[in-house]
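Open the model in your viewer and keep the selection panel at hand. The stops below move from sheets to helices, then to the core and to single residues.

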Amino acid sequence: MEERHMAALSVERSYIDPRNMVSANGFANTLTSDVTFLVSDHTRARVWSASPLTFALWDARTRDLIKVFNIDGQLENRTENSVYPDFGSEEEGKMKITASKKEKAQSSLGFFQRSRNALMGAADAVRRAATKGGFCDDSRKTEAIVISVDGLIWTGSSNGVLMRWDGNGNCLQEFSYQSSGILCMFTFCSRLWVGYSNGTVQVLDLEGKLLGGWVAHSGPVIKMAIGAGYLFTLANHGGIRGWNVTSPGPLDNVLRAELAGKEFLYSRIENLKILAGTWNVGEGRASTDSLVSWLGCTATGVEIVVVGLQEVEMGAGVLAMSAAKETVGLEGSPLGQWWLDMIGKTLDEGSSFVRVGSRQLAGLLICVWVRHDLKPYVGDVDAAAVPCGFGRAIGNKGAVGVRLRMYDRVLCFVNCHFAAHLDAVNRRNADFDHVYRTMTFSRQSSSLNAGVAGASFGVSVPRGGNATGVNIVEARPELSEADMIIFLGDFNYRLDDITYDETRDFISQRCFDWLREKDQLHAEMEAGNVFQGMREAIIRFPPTYKFERHQAGLAGYDSGEKKRIPAWCDRILYRDNKKHLGAECSLDCPVVSSVSQYDACMDVTDSDHKPVRCVFSVKIARVDESVRRQEFGNIINSNKKIKVLLGELSKVPETIVSTNNIILQNQDSTILRITNKSEKNIAFFKIICEGQSNIEEDGQAHDHRARGSFGFPQWLEVSPGTGTVKPNQIAEVSVHLEDFPTVEEFVDGVAQNSWCEDTRDEEVILVLVVHGRFSTETRKHRIRVRHCPRGGPAKNHFNDRPKTSGQINALHRSDYHQLSNTLDVVEQLKNLHSP
């Protein structure tokens, strides 16, 4: 990044980050160490502070605490022992602020102590309430706070909930687009960007409507800034990426089409093999020979090994203990660990393979290993569990899953154990449906990463939602977002309309095709009742259930009193990106797979089920990001259509102001009018105070003091400080003199001049900064505002006056803000010129 861009970002950041202002003026001394975020509302001269469990609203001029809210957005009521004032209304609050001025002048130390106690008391009240409820919900802590151009406050919490507040501290709406924690937010013009702990960035409009989202980094997004037409994101691992501020927008389609034509330059096809194995171990332990027969020999030529076990351990005590551990976030067992260690030894874990993820739920266990040389290409590993037994709460039936990203494609593996017994087909179907719809991983799926140009350009993918009330995105199963998903396990589907003896005869003759016509799972999939959109390789092995333990050969089928009909209970199904069987692997169809081996280990006799395995040959299309970034740059620099679009989108609307010089005395007010001369582009503006000077007897400004991001002086009120002007319309800004008496305060013997300024004969330079909807370039107008003593004349009138020429028709005032009751419109505004 060029130094000038970084400098611009630093200046912009210093303005919008109120912590600079607060610490510079000593206001931070009034806050406790629990306070983590501050944001300044220049329009209303207010400061918002946020701690993990409370929000506080302060008067920026008097430094009085106005209101305190809990994490639900509710006002903390005054109690008998309350240490902070209970302002029932804004007007009442102003009265109490006025009444306390003399007291503040006498003892600023008392103010600091009261303010500190107030915030601590509010936090303690919330903590006490949480303790009464039995827990404190850390997932609702406030992690980010910003103020948007319309004067509203946005807060983001660690459970992914966005809250929108008005300037008086009323919570207007809540929005939730994903469960990952919000770590940072950035607002610019009419958009709000949200950075999540899972590396995702989402962009919303100021009504809370989700416009798009993409995966920006592999780690949490901790900071964002705007500059040179890009939104820059910083991840906790130190990576910085840039995303065009126009995305999503009209530029995306053009870029997407141009890059698609050069796909052959930056696309790569990776080949790998996946070994998936499932086994219902029936609460037993396997011998080393059995594990080698099942996995050891086949794993030689594969890159990923997925193992799913069922009935690792059962029984009422085990299930109860598992349920209790799940409620406090614990999982696993010594017997489960034994299985992981034994399979790891079989796979030569540590030398050939590395374990990347596992999950246990009662008797269900899944684990994934990858080759050592592929570990750098694996990321975003996560696990999940869904119980299906006894009211969807106990893990005797259910599923466990592991999700990972390989070459930027999402692979999911789910180990299932569904309802048993011949006639429980509908229950098995319901178990699958419950697992598929409710399995949720804590990290957001990386399938959102559909950027046009990787790290240099982000194309957002809309994901639904509206902006009324609590806005929850329409539930879409996370498993549906995977590029490839493999279901394995004891699905418990049986054979219908056939006897035990008939089944044994067909097995002995190896008539598996005929037997498959009796298979419940085959029939239910054909009817679209279960495993919709998934496939299974042709079965060429005998039914894997039910056998007598330690009895070899097909003679080991159940010959007891029950004579359970043999069945293919143990299965492996899959889905990839192919929409039709002939689809080739490409960036549009990034994961294509085929089955090269699907069989059962009939020689293994450690359980009443036989272990099953399946080897997939998988092709993954990936993007060479360095090449694509280079091609993206070439397109931006050479494509004329894109240059024209960028030029249009980055235009700063031409604006004029009604005056460059303002004189205020005796609590005067004046209206500053901002005219947008553009016919189609909205203008966004903000007003900052560049500097302040004293006016000497000669009428000249001396002793200039830069204010920068420190807000307006105490005697000046500018409202609104930010806003928009619609095309061919006028916005009005009120400039008002707050003629406060001079008060001299001392803290530890040091005069606090930044808050107790000599307001007589002062002059400030206001800078009106204007930019377009998608432009980070700005135009600036400077307005001198001079304050004269009460009852005294101005020492010197300004020599320069705005000049006018020509006649124009009166323009309509902007109705975006209710700015003034003034009905007159200054004529000849279009031809005014500002410095």
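Select strand 16 (267-280) and strand 27 (612-623). This is a predicted model, in which local features need pLDDT of at least 70 and side-chain atom pairs count only at pLDDT 80 or more, while totals for chains, interfaces and linings use all residues. Residues are numbered from 1 along each chain as its sequence is written, and side-chain values use heavy atoms, with hydrogens and water left out. Helices (H or I, at least four residues) and strands (E, at least two) are DSSP runs, numbered from the N terminus.

**The six-stranded sheet**

Strand 16 and strand 27 run antiparallel and are joined by twelve bridges. Two strands count as paired if DSSP finds at least two bridges between them. For one facing pair, pick Ile269, which stands opposite Ala621 in strand 27.

Now widen the selection to the whole sheet. It is open, has six strands in the order 18-19-17-16-27-26, and its pairing is mixed. Strand 18 and strand 26 (591-600) are at the edges; each has a single partner strand, so one side of each is left without a neighbour in the sheet. On average, neighbouring strands here are turned by 15° against each other, direction ignored.

Add helix 10, which packs on this sheet and touches strand 16, strand 17, strand 18 and strand 19; its direction makes about 30° with that of strand 19. Axes are lines fitted to C-alpha atoms, for helices over the stretch in contact, and angles run from 0 to 180 degrees between N-to-C directions.

**Helix 10**

Stay with helix 10 (residues 334-346): its 13 residues reach 19 Å from the first C-alpha to the last, close to the 18 Å expected at 1.5 Å a residue. The expected span is 1.5 Å times one less than the number of residues.

Which residues of helix 10 are buried? Colour Leu335, Gly336, Trp339, Leu340, Met342, Ile343, Gly344 and Thr346. Buried means under 20% relative accessible area, exposed over 50%, and partly exposed in between (1.4 Å probe, protein chains only). The buried residues of helix 10 pack against strand 16, helix 8, strand 17 (304-310), strand 18 (353-361) and strand 19 (364-371). Just after the helix comes Asp348, with a positive phi near 60°.

**The five-stranded sheet**

Move to strand 22 (residues 409-417) and strand 24 (residues 484-490), which run parallel and are joined by seven bridges. Cys412 faces Ile485 of strand 24 across the pairing.

These two belong to an open sheet of five strands, ordered 20-21-22-24-25, with mixed pairing. Strand 20 and strand 25 are its edge strands, each pairing on one side only. Its neighbouring strands are turned by 15° against each other on average, direction ignored. Show helix 12 (residues 425-438) as well: it packs on the sheet, touching strand 20, strand 21 (394-406), strand 22 and strand 24, and its direction makes about 140° with that of strand 20.

**The largest nonpolar core**

A nonpolar core is a set of buried Ala, Val, Leu, Ile, Met, Phe, Trp, Tyr and Cys residues joined through side-chain atoms within 4.5 Å. The largest one has 49 residues, of which Ile274, Ile304, Met406, Phe413, Ile486, Ile572 and Phe616 touch the most other members. Strand 27 supplies the largest share, five residues.

Centre on Met406. Leaving aside neighbours within four places in sequence, Met406 is in contact (heavy atoms within 4.5 Å) with Leu272, Ile304, Leu374, Tyr377, Val378, Leu411 and Ile620.

**Helix 6**

Next, select helix 6 (residues 250-260), where Leu251, Asp252, Val254, Leu255 and Leu259 are buried. Their cover includes strand 15 (240-244), helix 7 (263-266), helix 16 (625-638) and helix 17 (640-649).

**Backbone details**

Two cis peptide bonds are worth a look. One runs from Tyr545 to Lys546, with omega near 0°; Lys546 lies in the loop between helix 15 (520-526) and strand 25 (570-575). Another runs from Ser719 to Pro720, with omega near -5°, and Pro720 sits in the loop between strand 33 (716-719) and strand 34 (722-725).

Then compare two positive phi values at residues other than glycine. Glu283, with phi near 65°, is in the loop between strand 16 and helix 8 (288-296). Asp380, with phi near 50°, is in strand 20 (residues 378-388). Is each one buried or partly exposed? Glu283 is partly exposed at 47% relative accessibility, whereas Asp380 is buried, at 15%.
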